[in-house]
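Q: I would like a close look at a single part of this protein, taken slowly and set in the context of the whole chain.

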Amino acid sequence: MAILSLMLFVVAGAGTPGPNNTIVMASGAAYGFKRTLPAILGVNVGFPSMVLLVGIGLGQALEQWPVILDVLRPIGILYLLWLAFKIATGPTDLQLKQEAKPPGFVQMALFQFVNPKAWTLSVAALSTFTGFWDSFLAEVAVIALVALCFGAPFTVAWTLLGVGAGKVISQPKHMLIFNVVMAALLVVSVVPAMIDTWESLPL
């Protein structure tokens, strides 16, 4: 296994815009870093866990029953669109921010299993960076560990970027614009999955 190549792969996947980063950035802007911390932990526990489960056994089930992904994909799309709506209509003043609830640990951990980008990255990593050692399970464990170690800093960085934006935005109308832009980015991130889902429908 080329560890350096795996690290670069994880950095590229975790550092680029996607549903996870957009959600924590929007949460950081609206609720601050401390209240977004459970969401950060959820992402960085959920994705490595997904890699482990897919590598250990879920991957075989998906090979036998590919319809599972056909069911999970639209669920993920609908959930992302719901999150985009929640972000677009999120709180814009201090009082409402204190009363509202940001995404939680369990919510974001489970979200990885319907996140189209997470599925793409996990399957790509397992198919590209395994088969080099005698122990397949050891390779899967290393991939999950690298995902945790190199993915978490980027989740934190995107959150801090949102926190910084939230401090700069002082007026509710500006916060509303920011929320709408974040929601639009989240919708754009799910477009490829929507296209794949549409093309897979029996016509």
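How many residues line the largest cavity, and which of them lie nearest its centre?

A: The model is a predicted one, and the answer below should be read with that in mind. The largest cavity is lined by 24 residues, and those that lie nearest its centre are Gly13, Ala14, Asn20, Phe47 and Leu121. Two or more lining residues come from each of helix H1 (3-15), helix H2 (19-31), helix H3 (33-64), helix H7 (116-128) and helix H8 (136-168). Among these contributors, H8 gives the largest share of the lining, five residues. By residue class, the lining divides into 13 nonpolar residues, ten polar ones and one charged one. The space in this cavity comes to about 290 Å³, and the structure holds one cavity of 30 Å³ or more.

The setting of the cavity is a protein with ten helices and zero strands, so that its elements, read from the N terminus on, run α-α-α-α-α-α-α-α-α-α. Of the 203 residues in the protein, 42% are buried. Among contacts with a separation of 6 or more, 86% join residues that are 24 or more positions apart.

Two of the helices that contribute to the lining can be followed in detail, beginning with H2. All of its residues, 13 of 13, are buried, and H2 is therefore largely enclosed by the rest of the structure. From its first C-alpha to its last, H2 reaches 18 Å, which is close to the 18 Å expected for its 13 residues at 1.5 Å a residue. Just after H2 comes Gly32, which takes a positive phi of about 90 degrees.

H7 is the second of the two, and its 13 residues should span 18 Å at 1.5 Å a residue, a value with which the 18 Å between its end C-alpha atoms agrees. The N-terminal end of H7 is capped by Asn115, which has a side-chain oxygen 3.1 Å from the backbone nitrogen of Lys117. The buried residues of H7 are Pro116, Ala118, Trp119, Leu121, Ser122, Ala125 and Leu126; Leu121, as noted above, is one of the residues that lie nearest the centre of the cavity.

A third contributor, H3, can be examined through Thr36, which is found in that helix. Because its relative accessibility is 0%, and buried means under 20%, Thr36 counts as buried. The side chain of Thr36 reaches the backbone nitrogen of Gly28 at 3.4 Å. Leaving aside neighbours within four places in sequence, Thr36 is in contact with Val24, Ser27, Gly28, Tyr31 and Thr159. Given the residue ranges of the helices, Val24, Ser27, Gly28 and Tyr31 belong to H2, and Thr159 belongs to H8.

Turning from the cavity to helix H9 (residues 172-189), one finds Leu176 and Met175 in that helix. Met175 counts as buried because its relative accessibility is 1%, whereas Leu176, with a relative accessible area of 41%, is partly exposed. Both can be related to Ala88: the C-alpha atom of Leu176 is separated by 7.2 Å from that of Ala88, 88 residues apart along the chain, and the C-alpha atoms of Met175 and Ala88, 87 residues apart, are separated by 9.8 Å.

Definitions and conventions
Residues are numbered from 1 along each chain as its sequence is written. This is a predicted model: local features need pLDDT of at least 70, side-chain atom pairs count only at pLDDT 80 or more; totals for chains, interfaces and linings use all residues. Side-chain values use heavy atoms; hydrogens and water are left out. Helices (H or I, at least four residues) and strands (E, at least two) are DSSP runs, numbered from the N terminus. Buried means under 20% relative accessible area, exposed over 50%, partly exposed in between (1.4 Å probe, protein chains only). On a 1 Å grid over the protein atoms alone, a cavity is a set of points where a 1.4 Å probe fits but cannot get out, and a pocket is an open set with protein on both sides within 12 Å along at least five of seven lines; lining residues have an atom within 4 Å of a point. Grid points are joined across faces, edges and corners, and a volume is the space filled by probe spheres set on the points. Ala, Val, Leu, Ile, Met, Phe, Trp, Tyr, Cys and Pro count as nonpolar, Asp, Glu, Lys and Arg as charged, and the others, Gly among them, as polar. A polar contact is a pair of N or O atoms within 3.5 Å; within protein, one must be able to donate a hydrogen and the other to accept it, and residues adjacent in sequence count only if both atoms are side-chain atoms. Contact means heavy atoms within 4.5 Å. The expected span of a helix is 1.5 Å times one less than its number of residues.
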